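Dear colleague,

I am handing over a structure to you with this email, and below it I have set out what was found in it. Please keep the structure open beside the text as you read.

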Amino acid sequence: MADSFLEDLYLEMYKKLYYYAYVRLKDEQLSQEVVQDVFVLAQEKLEALRQSPNPQGWLIRTAGYTVLHAQRTRQLIQAHFAPLDEEIMAASPPEEELGLRELMTEEEWRLMKSVYCDGYSIKEAAGLFGLSLEACRKRLYRLKQRLRSQLREEPDAGKGGENDAG
């Protein structure tokens with residue numbers, strides 16, 4: 001950061017903001033993302049921050065809103081994907097998990113694996129795959145719908161790939 005005002009605030013407030021976010025989110029990585037987002041906003045709104053009678057309070061209030069947004073996003077993701085997780089586990093015990101791999105293209109598999117196995121957030125996965133956040137969410141949603149449909153029809157459905165007749 002080139003601005004010493006913002007740099008001083010960063011050094012003073014980083015740990016406080018991180019703990020503030022962590023207490024609410026219980027997720028180290030997401031808490032770090034929240035703090036990063038707060039300081040990105042601070043950089044964008046630097047003049048408003050400078051004019052604030054309480055810059056530390058401004059950062060904490062911004063962190064509060066950012067935490068709320070992260071919580072809502074996480075709840076939406078869990079609401080959409082938790083049922084799929086249960087269906088996948090019911091349809092394919094751990095020793096048979098590789099059967100799911102055959103239901104997806106290589107890119108779909110890598111995307112699902114990055115989010116569900118490797119612990120990447122959807123935002124991070126979007127960056128890795130060169131997608132917008134919304135496009136990544138939509139792609140995961142459609143994949144979930146397709147897998148759910150295939151798993152309901154028959155556990156072996158779709159294993160032959162896209163060349164299956166029917």
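In which helix is the place of S31? S31 sits in helix α2, where helices are DSSP runs of H or I of at least four residues, strands are runs of E of at least two, and both are numbered from the N terminus. Before going further, please note that this is a predicted model, in which local features need pLDDT of at least 70 and side-chain atom pairs count only at pLDDT 80 or more, while totals for chains, interfaces and linings use all residues. Residues are numbered from 1 along each chain as its sequence is written, and side-chain values use heavy atoms, with hydrogens and water left out.

The chain as a whole has eight helices and zero strands, and buried residues make up 34% of its 166 residues. Here buried means under 20% relative accessible area, exposed means over 50%, and partly exposed is in between, with a 1.4 Å probe and protein chains only. Of the contacts (heavy atoms within 4.5 Å) between residues at least 6 apart in sequence, 64% join residues at least 24 apart.

To return to S31, this residue counts as buried because its relative accessibility is 0%. Leaving aside neighbours within four places in sequence, S31 is in contact with Y18, A21, Y22 and L25.

L25 also appears in the largest nonpolar core, which has 20 residues, and L25 is there among those with the most contacts inside it, together with L17, V34, F39, A42, L49 and L59. A nonpolar core is a set of buried Ala, Val, Leu, Ile, Met, Phe, Trp, Tyr and Cys residues joined through side-chain atoms within 4.5 Å. The elements that give two or more residues to this core are α1 (4-25), α2 (28-44), α3 and α4, and α1 gives the most, with seven residues. Apart from this core lies another, of 15 residues, which include M104, C136, L140 and L147. For L59, again without its neighbours within four places in sequence, the contacts are L9, M13, L17, V38, F39, A42 and L49.

W58 lies in helix α4 and counts as buried, because its relative accessibility is 13%. Outside its neighbours within four places in sequence, W58 is in contact with L41, A42, K45, L49 and S52. S52 itself is found in the loop between α3 (46-51) and α4 (55-91), and S52 is buried, with a relative accessible area of 15%.

A contrasting loop residue is K26, which lies between α1 and α2 and is exposed, with a relative accessible area of 59%. Most residues other than glycine have a negative phi. K26, although it is not a glycine, has a positive phi of about 55°.

Finally, there is a helix pair to look at. The axes of α6 (residues 106-116) and α7 (residues 122-129) come within 9 Å and cross at roughly 145°; axes are lines fitted to C-alpha atoms, for helices over the stretch in contact, and angles run from 0 to 180 degrees between N-to-C directions. The contact is made by E107, R110, L111, S114 and V115 of α6 and by I122, A125 and F129 of α7.

With best wishes
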